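Take the sequence and the model together and follow the account below through helix packing, pockets and a few local features of the backbone.

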Amino acid sequence: MRKVGVIGLGHVGSTVAYTLVTKGIADELVLIDTNEAKCTAEFYDLLDSLGRLDTYTKLSMNDYKALQDADVVITAFGDIKALADGGNRFLEYSFNCQQAKQVGTALKEAGFHGVLINISNPCDVITGLLQHYTGLSRQQVFGTGTFLDTARMQRAVSMSLDQNPHNIAGYVLGEHGESQFAAWSTITVQGEPITEIAKDQHLELSELDKAARGGGWLVFNGKKYTCYAIATCAAKLLQAVFSDAKLACPASVYLEDYGCYVGYPAVIGKNGVEYVHHLELTEEEKKLLDKSALMIAQKTKEGLL
């Protein structure tokens with residue numbers, strides 16, 4: 001039985017739940033939200049879909065005890081109203097620090113011992129707090145991090161070169177936020193270094209980097225939330241855990257060198273983070289990673305006070 005909990009049923013959490021049910025990814029799904037009416041609404045809306053699906057998912061709601069034997073919990077709590085002005089995921093910082101403590105403590109008290117995948121922002125900081133409060137290992141807890149930002153980079157590059165985004169490999173590193181950066185030394189298009197393509201085709205890599213960083217706000221400014229891309233990322237990471245896929249991808253993982261969670265390439269399998277890759281970055285990229293990680297470490301420390 002593939003048992004999953006989704007905590008936080010806003011636009012993102014509800015889209016994750018819908019994806020898991022309609023794709024038949026979860027055999028059992030526990031929905032949790034502090035808004036009882038919203039949780040009940042999502043619960044019954046999903047129940048009403050079961051009679052028309054080719055798969056079946058057992059559903060329950062607002063019961064932390066039911067998560068004791070869950071394989072994976074996905075956290076997607078947040079305060080969308082705090083992001084009304086846009087531009088910075090740290091607008092949710094104060095609210096989500098409190099939520100991380102409450103949710104992490106509740107999971108620990110429930111005896112949850114599976115894998116935790118965090119989406120809540122600021123993703124890297126909140127992932128660190130959840131690891132602390134749940135008492136789970138750093139291997140068991142990770143965040144979506146720059147998995148989404150890397151997809152946005154792939155979209156930006158693919159549009160500029162009229163390519164399928166699957167043909168673009170490489171990483172966006174650092175914070176899932178304003179200090180992230182595209183590590184161009186790692187990025188290729190059909191196996192060819194993008195730095196060489198940029199010279200030949202007069203591409204402005206700085207503009208593509210800006211497009212990747214601003215991709216979330218482009219969506220947010222139009223509909224006042226994002227949901228599809230991040231839910232897709234969370235579902236793919238969940239599937240990697242269930243199938244022990246040893247999926248090589250960027251995610252928010254714990255880096256010993258910085259003492260915090262940072263967007264960096266890792267391998268995701270049945271135990272969560274199986275191991276972390278080591279990248280040979282340029283000197284400039286290393287400086288950008290240092291700057292981003294040090295900020296995350298400081299904010300994580302403050303969040304625990």
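The paragraphs below start with the packing of helices and end with single residues. The model is predicted.

Helix H1 is a suitable place to begin. H1 spans residues 11-22, and two of its packing partners are described here. One of them is helix H9, residues 228-242. The axes of H1 and H9 lie 9 Å apart, and the angle between the two helices is about 50 degrees. Angles under 35 degrees count as roughly parallel and those from 65 to 115 as roughly perpendicular; H1 and H9 are therefore oblique to each other. Their crossing is right-handed. On the H1 side the contact is made by Val12, Thr15, Val16, Thr19 and Leu20, which meet Tyr228, Ile230, Ala231, Ala234, Ala235 and Leu238 of H9. Sorted by class, this contact holds nine nonpolar residues, two polar ones and no charged ones.

The other partner is helix H2, which runs over residues 36-47. Here the axes are 11 Å apart and the angle is about 20 degrees. Because angles under 35 degrees count as roughly parallel, H1 and H2 are placed in that class. The crossing of H1 and H2 is again a right-handed one. Ser14, Ala17, Tyr18 and Val21 of H1 are in contact with Lys38, Glu42 and Leu46 of H2. By class, the residues of this contact are four nonpolar, one polar and two charged.

H1 also takes part in a pocket. The largest pocket holds about 890 Å³ of space. It is lined by 40 residues, of which Ala76, Phe77, Gly78, Asp79 and Glu92 are the closest to the centre. At least two lining residues come from each of H1, H3 (93-110), H5 (146-161) and H8 (215-223). Which helix gives the largest share of this lining? H3 does, with five residues. The lining as a whole consists of 17 nonpolar, 16 polar and seven charged residues.

The second largest pocket has a volume of about 620 Å³. Its lining has 25 residues, and those closest to the centre are Phe147, Ala151, Gln154, His166 and Lys236. H5, strand E7 (168-169), H9 and strand E12 (247-255) each provide at least two residues of this lining. H5 thus appears in the lining of the largest pocket and in that of the second largest pocket. Divided by class, the second lining contains 14 nonpolar, eight polar and three charged residues.

Two points in the backbone deserve a look. Most residues other than glycine have a negative phi, and most peptide bonds are trans. The bond between asparagine 121 and proline 122 is cis, with omega at about -10 degrees. Proline 122 sits in the loop that joins strand E5 (115-118) to helix H4 (123-134). Glutamine 190 has a positive phi, near 50 degrees. This glutamine is located in the loop between strand E10 (188-189) and strand E11 (192-193).

Last comes methionine 61, a residue of strand E3, which covers residues 58-61. Leaving aside residues up to four places away in sequence, methionine 61 touches Leu31, Glu36, Cys39, Thr40 and Phe43. Between the C-alpha atoms of methionine 61 and glycine 104 the distance is 18 Å, and the two residues are 43 places apart in sequence.

Methods
Residues are numbered from 1 along each chain as its sequence is written. This is a predicted model: local features need pLDDT of at least 70, side-chain atom pairs count only at pLDDT 80 or more; totals for chains, interfaces and linings use all residues. Side-chain values use heavy atoms; hydrogens and water are left out. On a 1 Å grid over the protein atoms alone, a cavity is a set of points where a 1.4 Å probe fits but cannot get out, and a pocket is an open set with protein on both sides within 12 Å along at least five of seven lines; lining residues have an atom within 4 Å of a point. Grid points are joined across faces, edges and corners, and a volume is the space filled by probe spheres set on the points. Helices (H or I, at least four residues) and strands (E, at least two) are DSSP runs, numbered from the N terminus. Ala, Val, Leu, Ile, Met, Phe, Trp, Tyr, Cys and Pro count as nonpolar, Asp, Glu, Lys and Arg as charged, and the others, Gly among them, as polar. Axes are lines fitted to C-alpha atoms, for helices over the stretch in contact, and angles run from 0 to 180 degrees between N-to-C directions. Angles under 35 degrees count as roughly parallel, over 145 as roughly antiparallel, 65 to 115 as roughly perpendicular and the rest as oblique. A crossing is left-handed if the near helix is turned anticlockwise from the far one by less than a right angle, and right-handed if clockwise. Contact means heavy atoms within 4.5 Å.
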